[in-house]
Amino acid sequence: MNIENLHYLNLLSQSFPNVADASTEIINLEAILNLPKGTEHFLADLHGESEAFQHVLKNASGNIKRKVNELFAGSIRESEIRELCTLIYYPEQKLELVKAVEEDIDDWYHITIQQLVRIARDVSSKYSRSKVRKSLPDDFSYIIEELLHERADDTNKAAYVSVIVDTIITTGRADDFICAICNVIQRLSIDQLHILGDIYDRGSGAHIIMDTLRQYHSWDIQWGNHDILWMGATAGNDACICNVLRLSLRYANLATIEDAYGINLVPLATFAMDVYGDDPCEEFIPKLLKGAKMDEKTLLLTARMHKAISVIQFKMEAEIFTRRPEWNMTDRCLFNNIDYTHGVCVIDGKEYEMISHNFPTIDPSDPNKLTDDERQLMKSLHHSFAVSEKLQKHIRTLLSHGCMYAIYNSNLLFHASCPLNDDGTLKAVEIAPGRSYSGMDLMHNIGLMIRSAFTNDTPQEERKYAIDYFLYLWCGKDSPLFDKSKMATFERYFLKDKETYKEEKGAYFRLRDNEEICDRILDAFGVKGPNRHIINGHVPVHASKGESPIKANGKMMVIDGGFSEAYHKETGIAGYTLVYHSRGFQLVQHEPFTSAADAIQRGTDIKSERKIVEMSSHRMLVADTDKGEELRSQIDDLKQLLYAYRHGIIKEKRN
C-alpha cells in the first residue's frame, strides 16, 4: 500500500470510521448496482418555449400518462385517467377546480391519495430508499415514505395505512399532501435532464426556463449558439448585445429583455424615432408569433428600433473583425462594399441591387464608424446588460451546469457540430494566435476560453480576446456552434438577390450520415461501448418531409424537432424528447402544446408519438452506466479501507 493511497484512505476513514460502517456502505453500493438504470431525457433547441418545456417536464414526455394507463386501465374511465394526470402535472390549479365542483371532497381525497401513492410507488421502484428519501419534501417525508413502503392490501397494515390517509384529511393537510406527492412523481419520473443547447431567443420565456432549471434536481447543458450569444452579451461583447436585441426585436419578443432582465430600451426607442422617424423600415417589420397582435404605431416603432440596432450591429461586428484579422472575417464588413450613390452592394466583383439604402448614420468615407449618438446608446445598453442581476445569475447558472460537450453513458452530446475537413478527418481550428485544436481538445479549450471571460483573474488581454471570441462562436466559419460559410444576416435585410442568402454548411453536416465518420468522432472523444451515439440539436429535422432524426445507421440522433413555434411550419412537429431508460432509447415526437390553462381546464395534454429507436438485449442496470463505474471504484476503495482496518494499518474509531 503506497503512501499516497494511505493518505486517501485516512481521509475516507473519517466518513467510515470502522469495519462495520465500511462494510455497510459496500453492501449498499453493491445493491444499488443492481437497480434498473435511471431514466434520462434529452431536449434541444427550446428557444424560449417555456410553457411547452415545463409541460414536458411535468408529464415526463408522456411517460407519466403511460404509467397511469398501465396501472389503472380497465379499472377507471379514460376521463378519470386524464383528470388524474392533469392533477399530477398541475396539482395546485387542478385542486381549485376540483373543490369547486366535487360534492364529497373527503371521499375524493381518499380515492385520489390512494391512487397517487400507487403511482408514486411505481415510479420510485427503480431507486434506492435513500435516493427516494432525498427527493421527498421535508413536511411529508416520513408520511410519504411510510405509504410508499406499506401496502393497503396487507391485512396487517391496512388499518395503519387507512389511518394515515384519514388523518391527512382530518388535519386539513390533504391539499398540501397531494401537491407534495404529485411533485415527487414528477421528480422521480426523470432521473437526469440533458439540454443540448439553445434555451434563448425567439420565444418569450427563456428566463422562465432558466428559473425552472435553477430549481431542477439534476440537469446539464451543452451550450448552443444562442446561449453563447447571450453569454457574450453578458460578458460585455457589444456586437453580441446588438445581436441579442436584434433577434428580440425581429420576433417582437421584448418580455425577456425588458420585463425579465430589466434592460432599458427607452434610449434605443428614442434614438430610432429621432434617426429613422421618416423611414418605413419595411424589411424590419417584426415576425409576430402565436397570433400576437401589435398596433400599427408599436409595430412601426419596433421596426425602426430593429433597423437602428441592426445597423449598429454591423458596425460593431466590423470593429471586432478588423481588430481580429486572424479570424479572416473582414469580408463580412459589408458596409465597406456599398455604393451609397447608386444603391448597390459589390460582393466578389458583382453588383447586387439593395432593397433599401437609407443609412443616415453612415459616413461613406468611414462606414463602420459609430456616430456620437450611436456610441452613447451602446454605452447605455452595455451598462444595462452589466447591471442586470437576474441575467448575470442566469448566465452563471449556464456556466456552472454547462460546457461545450459532455459524455454520458456512451453518448456524446454537443449542440451543433464537430468541425471536419472535407475528407472527414477532424479539422484543426485556431481559437487564438498560435493555438489550434481539433475534436475534443477544441471543445475543451473553447470551454476554458468562455469561462475565462467571466474570471477576474484572467490576464487583461486574454480576457479581452475571450470576450471578442463570443462573436466568432456565433458566426465564425469554423465555430463548432455555427460551421457555415457565412451568416447572411446583412444580405437578407438589404439585398434583393436571394442567391446571396445561401449559407453553405460545413463538412460535418454533409458527412454526418456516414457511420464511419461518426465512429471516427466517437473514437476521438474516447467514447466507449457497443451502443454509442452522437446526440445533437441545432438543425431542425424536417419530419413533415420524411427526414429521419436517426442518422448514420443509428449512430447519430438529431433531436431538434422545432420546439419553437417559429419552426413548426418547417418541421411539421413541435419538438422531440429522446428518452433513454433501462430498456433502451425511445424518441418522443410532440405535437404543438396549446397552453397550461387549457391543460388544467380541459385536461388536454401534448399529444406525443413514441418511436423505439434502440432496445437493449437486457434490462440495463446502474452497473451498466457511468454511475456504476463510479460506484465500483468506490467499492474498491472501501475494500482497501477494510483491509487497512483488519491489518492494523489504520485504527478503527467509534461512531
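Which residues does I241 touch, not counting residues up to four places away in sequence? In this predicted model, the residues concerned are A233, M378, L381, H382 and F385. I241 lies in helix 14, and its relative accessibility of 0% places it among the buried residues. The C-alpha atom of I241 is separated by 7.5 Å from that of W230, a residue eleven positions away along the chain.

Helix 14, which carries I241, also takes part in a packing arrangement with another helix. Two packed helices are described by the angle between their axes and by the distance between those axes. For helix 14 (residues 238–250) and helix 17 (residues 296–323), the axes come within 8 Å and cross at roughly 155 degrees. Helix 14 is therefore roughly antiparallel to helix 17, as angles over 145 degrees are assigned to that class. The crossing of helix 14 past helix 17 is left-handed. On the side of helix 14, the contact is made by D238, A239, C242, N243, L245, R246, L249 and R250. Helix 17 contributes T302, M305, H306, I309, S310, I312, Q313, M316, E317 and I320. By residue class, the contact of helix 14 with helix 17 comprises nine nonpolar, five polar and four charged residues.

A second helix pair is formed by helix 9 (residues 141–149) and helix 11, whose axes come within 11 Å and cross at roughly 65 degrees. Here the crossing is right-handed. The contact involves I143, I144 and L147 of helix 9, together with F177, I181 and V184 of helix 11. The residues of this contact divide into six nonpolar, no polar and no charged.

Helix 11 (residues 174–189) also contains S189. With a relative accessibility of 4%, S189 counts as buried, because the cut-off for burial is a relative accessible area under 20%. A polar atom of the S189 side chain lies 2.7 Å from the backbone oxygen of I185. When residues up to four places away in sequence are not counted, S189 touches T39, H41, A60, N63, I64 and V123.

I185 appears again in the surroundings of I119, a residue of helix 7 (residues 105–124). Leaving aside neighbours within four places in sequence, I119 is in contact with V68, L71, F72, L84, I88 and I185. I119 is buried, at 1% relative accessibility. The C-alpha atoms of I119 and K555 are separated by 35 Å, the two residues being 436 positions apart along the chain.

A further buried position is found in a loop. N18 is located between helix 1 (3–15) and helix 2 (19–32), and its relative accessible area of 8% classes it as buried. The side chain of N18 reaches two backbone atoms: the nitrogen of D21 at 2.9 Å and the oxygen of K653 at 3.1 Å. K653 is also listed among the contacts of N18 that remain once neighbours within four places in sequence are left aside, together with Y645, E652 and N655.

Key
Residues are numbered from 1 along each chain as its sequence is written. This is a predicted model: local features need pLDDT of at least 70, side-chain atom pairs count only at pLDDT 80 or more; totals for chains, interfaces and linings use all residues. Side-chain values use heavy atoms; hydrogens and water are left out. Helices (H or I, at least four residues) and strands (E, at least two) are DSSP runs, numbered from the N terminus. Buried means under 20% relative accessible area, exposed over 50%, partly exposed in between (1.4 Å probe, protein chains only). A polar contact is a pair of N or O atoms within 3.5 Å; within protein, one must be able to donate a hydrogen and the other to accept it, and residues adjacent in sequence count only if both atoms are side-chain atoms. Contact means heavy atoms within 4.5 Å. Axes are lines fitted to C-alpha atoms, for helices over the stretch in contact, and angles run from 0 to 180 degrees between N-to-C directions. Angles under 35 degrees count as roughly parallel, over 145 as roughly antiparallel, 65 to 115 as roughly perpendicular and the rest as oblique. A crossing is left-handed if the near helix is turned anticlockwise from the far one by less than a right angle, and right-handed if clockwise. Ala, Val, Leu, Ile, Met, Phe, Trp, Tyr, Cys and Pro count as nonpolar, Asp, Glu, Lys and Arg as charged, and the others, Gly among them, as polar.
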